[in-house]
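Let's take a walk through this one together. Keep the sequence and the model side by side as we go.

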Amino acid sequence: MSETLTRLCQIIAERYQRPVSYVEMNPYADSDGSDIVDLINRNRRAKKIISGDALVVPVRLGESVAGAAVIQQGITLTETEIDAVVDTVELLFDGYVDAADRGARVRQLENYLENTSPADNVVYLHNVRSKNKDVGEQILVGRHQGPYLTQILLEGKPGIPFKELAFDIHQKSGRSSFISWDDLDSDQISKASDIAELGPITIFIPNLSELSKAEQAVLDGYMLELMGENTPRLIAAVQSPMNALVESGALRSTLAFYFSKAHLKIPALVERKEDILELVDFFSKAHSQGQKDLSSFGLETLSFLTEYDWPGNEKELETEIQKIVEQVKKDKIGVENLPVKIVGSEMKQLYRLVRSKTSLKEASEELEAKMVQQAMAKAGGNKSEASRLLGLSRSALLEKLERLEKSGYIPGE
């Protein structure tokens with residue numbers, strides 16, 4: 001059982017003065033010979049189960065049961081106390097077990113990363129080998145284009161390293177040099193022949209739809225009459241579907257036609273999670289002068305990084321990893337160091353609670369304060385309703401509020 005899971009059991013044991021353990025379920029087996037596991041399997045929809053003198057509270061992960069908290073001597077608790085135990089287990093364990101399940105998927109990814117790919121299929125992003133089959137297949141198409149098909153289009157979401165992918169294709173082409181359209185002197189590229197005179201090089205266009213009407217007209221003329229084996233190859237990127245760009249007037253229909261002959265669609269990072277861990281390792285080293293790497297991140301932390309959708313793709317991932325490694329001075333980067341958009345505010349609070357260096361008594365009080373605050377918010381400030389939600393008498397709630405206010409956990413009214 002992990003350190004965090006052990007701590008959660010300790011917090012509940014301290015609060016209810018009863019031994020607490022956690023039983024993990026095996027999703028791939030109907031039974032492991034354990035009486036408790038068999039009991040849970042037979043009562044999967046129950047919120048609480050009584051077994052001998054123990055109270056068993058299943059911990060759910062979506063529609064399945066991930067495990068259960070087992071409170072010894074739980075039969076001696078009152079109904080109100082049992083309901084409170086169930087609420088406490090749900091508050092503490094549900095989020096953590098969800099993270100632990102992600103951790104299992106991270107371990108699968110780590111095993112996957114150990115497998116090697118055939119050298120010809122290897123594509124490098126930020127000097128990191130991509131393991132995604134779709135990326136490899138798309139770039140292989142670009143690498144194998146004949147000398148007379150000299151225009152290639154890369155389509156994908158913002159934040160994908162299009163320039164690096166274009167450079168990968170260029171390196172296999174035998175052409176002399178690789179330059180970006182933005183680095184060309186626009187005053188010297190005013191007609192199609194100006195492009196042709198640059199010779200057998202590769203020109204990368206970062207965003208085809210952002211070229212001016214005049215620039216698009218020059219490209220149009222070049223691709224219609226002058227493009228060939230001994231003139232520049234054009235590799236362009238777009239961040240929206242071609243038909244949408246043409247319909248909106250952002251791109252000439254003739255350019256869309258020319259580039260449709262070698263149109264490569266690059267999947268977003270959310271579709272190639274197998275690349276995330278190696279990218280985290282690379283960005284960590286790059287932005288910490290080699291002081292941090294993948295091993296600097298806890299397994300639970302990596303699980304959140306791999307499960308996040310990364311709508312900004314590699315660029316967003318690099319930005320967040322740079323912030324983290326520059327701001328976190330300790331050796332191990334934990335879940336509490338991740339931004340709210342990745343973890344969620346509730347999960348950050350939970351990790352601050354269970355990972356803090358406070359005593360169990362203080363952690364229990366903080367948990368109690370959190371539950372009281374949630375009940376008060378849900379009841380709209382009505383103490384009678386809040387006490388009902390908490391399974392307490394109104395006088396007991398008032399006593400808790402007074403004590404928590406004096407301790408500084410809840411501000412006074």
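Among contacts in the protein with a separation of 6 or more, 68% are between residues 24 or more positions apart. Keep in mind that this is a predicted model. The secondary structure runs to 17 helices and 11 strands, and of the 413 residues, 48% count as buried.

Let's begin with Met25, which sits in the loop between strand S1 (20–24) and helix H2 (35–42). Is Met25 buried or exposed? Its relative accessible area is 8%, and since buried means under 20%, Met25 is buried. Setting aside residues up to four places away in sequence, Met25 touches Val37, Ile40 and Asn41, along with Arg44, Val65, Ala66 and Gly67. If you want a distance to check on screen, try Met25 and Asp38: they are 13 residues apart along the chain, and their C-alpha atoms are separated by 9.8 Å.

Now move along to Ile50, in strand S2 (residues 49–51). With a relative accessibility of 44%, Ile50 counts as partly exposed. Apart from neighbours within four places in sequence, Ile50 is in contact with Leu55 and Ile75. Here is another pair to look up: the C-alpha atoms of Ile50 and Leu39 are separated by 9.6 Å, with their positions 11 residues apart along the chain.

Next, jump ahead to Arg272, in the loop between strand S11 (263–265) and helix H10 (276–286). This arginine has a relative accessibility of 0%, so Arg272 counts as buried. Which residues does Arg272 contact, leaving aside its neighbours within four places in sequence? They are Leu125, Asn132, Val135, Ile160, Pro267 and Glu314.

A little further on comes helix H11 (residues 299–307), and here burial covers most of an element: 7 of its 9 residues are buried, so H11 is largely enclosed by the rest of the structure. The buried residues run from Glu300 and Thr301 through Leu302, Ser303, Phe304 and Leu305 to Thr306.

Towards the end of the chain, look at how H16 and H17 meet. They pack at an angle of about 95 degrees, and their axes are 9 Å apart. An angle of 65 to 115 degrees counts as roughly perpendicular, so that is how H16 stands to H17. On the H16 side, the contact is made by Lys383, Ser384, Ala386, Ser387 and Leu390, while H17 brings Arg394, Leu397, Leu398 and Leu401. Sorted by class, this contact has 5 nonpolar, 2 polar and 2 charged residues.

Those two helices turn up again at our last stop, the second largest pocket. Its volume is about 410 Å³. Of the 21 residues that line it, Arg15, Tyr16, Glu368, Leu392 and Lys400 are the closest to the centre. Where does the lining come from? Helices H1 (3–16), H3 (79–114), H15 (360–378), H16 (383–390) and H17 (394–407) each supply at least two residues. The largest share, 6 residues, comes from H15. By class, the lining of this pocket has 10 charged, 8 nonpolar and 3 polar residues.

Conventions
Residues are numbered from 1 along each chain as its sequence is written. This is a predicted model: local features need pLDDT of at least 70, side-chain atom pairs count only at pLDDT 80 or more; totals for chains, interfaces and linings use all residues. Side-chain values use heavy atoms; hydrogens and water are left out. On a 1 Å grid over the protein atoms alone, a cavity is a set of points where a 1.4 Å probe fits but cannot get out, and a pocket is an open set with protein on both sides within 12 Å along at least five of seven lines; lining residues have an atom within 4 Å of a point. Grid points are joined across faces, edges and corners, and a volume is the space filled by probe spheres set on the points. Helices (H or I, at least four residues) and strands (E, at least two) are DSSP runs, numbered from the N terminus. Ala, Val, Leu, Ile, Met, Phe, Trp, Tyr, Cys and Pro count as nonpolar, Asp, Glu, Lys and Arg as charged, and the others, Gly among them, as polar. Buried means under 20% relative accessible area, exposed over 50%, partly exposed in between (1.4 Å probe, protein chains only). Axes are lines fitted to C-alpha atoms, for helices over the stretch in contact, and angles run from 0 to 180 degrees between N-to-C directions. Angles under 35 degrees count as roughly parallel, over 145 as roughly antiparallel, 65 to 115 as roughly perpendicular and the rest as oblique. Contact means heavy atoms within 4.5 Å.
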